[in-house]
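Please walk through this structure, taking the aromatic residues as the way in and then moving to the core and the helices.

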Amino acid sequence: MKRPSTQIFTLSTLAGAIALAASATAHAEPERVIDVSLPLGPESQQGVGILKFGEELERLSDGRLAIEPHYNNALGAEREVIEGMGFGLIDAGISSTGPMGGFVDQFLLFDLPYVFDNHAHAYAFLDSEHGEHLAQLAEEQMNVKFLAWMENGFRHNTNSVRALEHPNDLQGINHRTQESRVQVDTWEALGANATPMAWTEVYTALQQGVMDSQENPLPTIYDVNFYEVQDYLNMTQHVYSPAPLMMGLDLFNSFSEDDQAIILEAAQIALPVQRDASQELEQRYLVQLEELGMTVTHPDLAPFREAVIPVIEQWAPTVGEDLVDAAINFEY
């Protein structure tokens, strides 16, 4: 009679041991924690994408791989982070493409005004062979691995001087641009006094009146509280701004092929989540920014498009005329 009881006890003990082992595995420390730099905070469109990436990375690797997000430029400004990844000083990060034109001429494409009509246009182009080619150039010339073409979104103007109904309304306005020659030319063509400035300095410059104007996607405008120092929100939609998720190429290559595949899969799962969040936040914050006191205008964009044609013509040879043409006329 004791034999079956002993067998039951043994099986029960074994099941308990397995459960304890599984529990220990689930709560084990990851083998590798990847530091990830973000310019914005955890509730931003960037934060949503990075947190989803981290969640999928842990799931796909059974907890062996994890991320540690570092928000609000804690690891440095965007250009410093891009350089840091290339030199192996920073693991990974998300950044706008603004500083990348200083490394690879083709990335100046994303500084050119009015190239993309809408989100579907931008996504189709980035997810095509053209996006793959740009990512390859980043590997070769910046020593970074593109994991996913995440986004900041379409950029819009804010200023503390006046509503914009026509490019002439920008006359005399001191406008901050990213550190991009194309952006300086664009805003000068529109009539503003354009000055490049590091992102970390922008809020204070606007607050102190050193700068009157800036431009960013709506979630960014909200995330960094620009409504506190800017009165007018002008829906100019002049530039589509990708924010690729990247990793230092040397670090990426140090992982096994299986783990490289896991990293890329996690990023691709996170990509549509991030893009959807970006668009949803854009709609939400358009309402909230107006409720917070900003005067919102929806100018006729035709005069703006017309004013910047010389900028596109001037920079197309540098960026690559075929690439510019492919982007503008991409079928989607």
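In this predicted model, ring pairs join F107, F110, F116, F125, F146, W149, F154, Y240 and F330 into a cluster. The structure holds 14 aromatic pairs. In one of them, the ring centres of F146 and W149 are 5.0 Å apart and the planes meet at 65°, so this pair is edge-to-face. F146 has a relative accessibility of 8% and therefore counts as buried; W149, at 7%, counts as buried too. Another pair, Y222 with Y227, is tilted, with 5.9 Å from centre to centre and 40° between the planes. Y222 is partly exposed, its relative accessible area being 23%.

Rings also take part in contacts with charged groups. The charged end of R275 sits over the ring of Y123, at 4.2 Å from the ring centre. Likewise, R284 has its charged end over the ring of Y285, 5.8 Å from the centre.

Several residues of the aromatic cluster recur in the description of the core. The largest nonpolar core comprises 39 residues, and F107, L109, F116, F125 and F146 have the most contacts inside it. Two or more residues each come from α3 (78-87), α4 (119-126), α5 (129-142), β4 (144-148), α12 (309-319) and α13 (321-328). A second core, separate from this one, has 25 residues, including I50, I67, L147 and M150. As for F116, its contacts beyond four places in sequence are F110, H121, A122, F125, F154, Y240 and A327.

Among the helices that contribute to the largest core is α5. Its 14 residues, at 1.5 Å a residue, should span 20 Å, and the C-alpha atoms at its ends are 19 Å apart, which agrees. At the start of α5, a side-chain oxygen of S128 comes to within 3.1 Å of the backbone nitrogen of H130. The buried residues of α5 are H130, G131, L134, A135, L137, A138, E139 and M142. They pack against α3, α4, β4, α9 (249-254) and α13. Just past the helix, N143 has a positive phi of about 60°.

The partner helix α3 has E78, V81, I82, G84, M85 and G86 buried. Besides α5, these residues pack against β1 (32-37), β3 (92-94), β4 and β10 (245-248). G88 follows α3, with a positive phi near 80°.

Helix α6 covers residues 181-189, of which V182, Q183, V184, T186 and W187 are buried. The N-terminal end of α6 is capped by S180, which has a side-chain oxygen 3.3 Å from the backbone nitrogen of V182. The cover over the buried residues of α6 includes the strands β5 (151-159), β6 (174-177), β7 (193-196), β8 (213-216) and β9 (232-242), together with α12. Just after α6 comes G191, with a positive phi of about 110°.

Strand β5 contains R155. Is this arginine, R155, buried or exposed? With a relative accessibility of 2%, R155 counts as buried, because the cut-off for that term is under 20%. The side chains of R155 and S241 are joined by a polar contact of 3.3 Å. Beyond its neighbours within four places in sequence, R155 is in contact with Q178, E215, N216, P217, T236, Q237, H238, V239 and S241.

How values were computed
Residues are numbered from 1 along each chain as its sequence is written. This is a predicted model: local features need pLDDT of at least 70, side-chain atom pairs count only at pLDDT 80 or more; totals for chains, interfaces and linings use all residues. Side-chain values use heavy atoms; hydrogens and water are left out. A nonpolar core is a set of buried Ala, Val, Leu, Ile, Met, Phe, Trp, Tyr and Cys residues joined through side-chain atoms within 4.5 Å. Buried means under 20% relative accessible area, exposed over 50%, partly exposed in between (1.4 Å probe, protein chains only). Helices (H or I, at least four residues) and strands (E, at least two) are DSSP runs, numbered from the N terminus. Contact means heavy atoms within 4.5 Å. The expected span of a helix is 1.5 Å times one less than its number of residues. A polar contact is a pair of N or O atoms within 3.5 Å; within protein, one must be able to donate a hydrogen and the other to accept it, and residues adjacent in sequence count only if both atoms are side-chain atoms. Rings of Phe, Tyr and Trp (its six-membered ring) pair if their centres lie within 6.5 Å; planes under 30 degrees apart count as stacked, over 60 as edge-to-face and the rest as tilted. A charge sits over a ring if NZ of Lys or CZ of Arg is within 6 Å of the ring centre and within 35 degrees of the ring normal.
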